Amino acid sequence: MAEPAELLKRLGVDIDAGTLRLALTHRSYAYENGGIPTNERLEFLGDSILGFSVTDALYRDHPDLPEGDLAKRRSAVVSTRALAGIARELGVGEHILLGQGEKLTKGNNKASILADTMEALIGATFLANDLETARQLVMRLVGPLLADAGALGAGTDWKTNIQELAASRHLGNIQYQVTGYGPDHARTFDATLLIGGTAYGKGSGNSKKEAEQEAAEDAWRSLTATPQGASPQGAAAGA
């Protein structure tokens with residue numbers, strides 16, 4: 001495990017050693033070490049603080065936006081992909097305590113694990129300090145996303161969004177290829193989204209639904225970043 005002081009410096013908060021270790025303890029590690037507590041309760045707590053903080057900021061900063069648009073922006077900012085991106089920028093992965101199976105499959109770079117750990121760190125910040133400190137952390141983390149309307153995506157249901165986008169561009173039928181691996185207590189799923197036989201997005205998660213949603217989000221962002229009718233591979237080739 002990397003030096004925790006460096007992670008706290010990047011986060012800009014103080015968290016006691018015990019609470020920080022708990023926030024970084026993935027269930028795969030807990031299972032292999034006698035069933036010690038995992039970070040899942042802190043993740044549950046942090047998810048609520050994250051959602052409230054983002055909702056409050058959006059409500060105050062966009063007084064003219066209707067509820068539907070506010071919900072879409074919040075969904076994009078708190079998505080697995082967005083949180084995983086923040087975690088990668090902070091180098092959170094190198095600090096996560098993982099079981100051997102997750103280490104072998106590079107669990108410290110999986111979007112679902114990174115996003116869950118970020119939520120746990122937010123929960124740990126609240127427990128070790130107070131709500132305002134946790135809220136300020138959230139704003140530092142997601143502030144750039146909140147300020148970038150173009151990065152906020154298409155809405156709350158990525159599978160529906162990608163289906164509508166693919167239909168509007170006549171790209172072909174959508175298919176999800178999902179594989180699962182790992183023990184029952186720590187199952188992980190990888191999904192690849194195919195449109196007309198071409199791979200457009202990938203995702204991972206603790207359930208098939210989560211993996212498919214992440215793959216759909218990945219595909220939506222890829223398609224909206226390329227010219228209409230072009231595939232990601234074609235765009236890359238022309239770059």
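**Exercise 1. Is Leu165 buried or exposed?** Determine the burial state of Leu165 and describe its surroundings in this predicted model.

*Solution.* Begin with the location: Leu165 belongs to helix 10, which spans residues 158-168. Next, consider its relative accessible area, which is 14%. Buried means under 20%, so Leu165 is buried. Then identify its partners beyond the neighbours within four places in sequence: Leu165 is in contact with Trp220, Leu223 and Thr224. Finally, take the pair Leu165 and Leu223: 58 residues separate them in sequence, and their C-alpha atoms are 8.5 Å apart.

**Exercise 2.** Describe the packing of helix 6 against helix 9.

*Solution.* Two quantities are required, because two packed helices are described by the angle between their axes and the distance between the axes. Helix 6 covers residues 80-90 and helix 9 covers residues 131-147; the angle is about 125°, and the axes are 11 Å apart. Helix 6 is therefore oblique to helix 9. As to handedness, helix 6 passes helix 9 in a right-handed crossing.

The residues that meet may now be listed. Helix 6 supplies Ala82, Ile86 and Leu90, while helix 9 supplies Leu141, Val142 and Leu145. Classified by type, this contact of helix 6 with helix 9 comprises 6 nonpolar residues, with no polar and no charged residues.

**Exercise 3.** Locate the largest nonpolar core and state which elements build it.

*Solution.* The largest nonpolar core contains 39 residues. The residues with the most contacts inside it are Val54, Val92, Met118, Leu121, Leu141 and Val142. Two of these names, Leu141 and Val142, also occur in the contact of helix 9 with helix 6.

The next step is to assign the core to elements. Those giving two or more residues are helix 1 (4-11), helix 2 (17-23), helix 4 (40-61), helix 5 (67-77), helix 6, helix 8 (111-128) and helix 9. Helix 8 provides the largest share, 9 residues.

Val92 serves as an example. Setting aside neighbours within four places in sequence, Val92 is in contact with Leu7, Ala87, Thr117, Met118 and Leu121. Another core, of 16 residues, lies apart from the largest one; Ala191, Ile195, Ala216 and Ala219 are among its members.

**Exercise 4.** Examine the backbone and exposure of Lys106 and His170.

*Solution.* A background point comes first: most residues other than glycine have a negative phi. Phi of Lys106, however, is near 55°, a positive value in a residue other than glycine. His170, likewise not a glycine, has a positive phi of about 55°.

Now place each residue. Lys106 is in the loop between helix 7 (100-104) and helix 8. His170 is in the loop between helix 10 (158-168) and strand 1 (174-181).

Exposure follows from the relative accessible area, for which the cut-off is over 50%. Lys106 has 62% and is therefore exposed; His170 has 73% and is therefore exposed. For Lys106, a distance can be added: its C-alpha atom is separated by 9.5 Å from that of Gly93, 13 residues away along the chain.

**Exercise 5.** Summarise the chain as a whole.

*Solution.* Count the elements: the chain has 12 helices and 3 strands. Then consider burial: of its 239 residues, 45% are buried. Last, consider the contacts with a separation of 6 or more: residues 24 or more positions apart account for 58% of them.

Technical notes
Residues are numbered from 1 along each chain as its sequence is written. This is a predicted model: local features need pLDDT of at least 70, side-chain atom pairs count only at pLDDT 80 or more; totals for chains, interfaces and linings use all residues. Side-chain values use heavy atoms; hydrogens and water are left out. Axes are lines fitted to C-alpha atoms, for helices over the stretch in contact, and angles run from 0 to 180 degrees between N-to-C directions. Helices (H or I, at least four residues) and strands (E, at least two) are DSSP runs, numbered from the N terminus. Angles under 35 degrees count as roughly parallel, over 145 as roughly antiparallel, 65 to 115 as roughly perpendicular and the rest as oblique. A crossing is left-handed if the near helix is turned anticlockwise from the far one by less than a right angle, and right-handed if clockwise. Contact means heavy atoms within 4.5 Å. Ala, Val, Leu, Ile, Met, Phe, Trp, Tyr, Cys and Pro count as nonpolar, Asp, Glu, Lys and Arg as charged, and the others, Gly among them, as polar. A nonpolar core is a set of buried Ala, Val, Leu, Ile, Met, Phe, Trp, Tyr and Cys residues joined through side-chain atoms within 4.5 Å. Buried means under 20% relative accessible area, exposed over 50%, partly exposed in between (1.4 Å probe, protein chains only).
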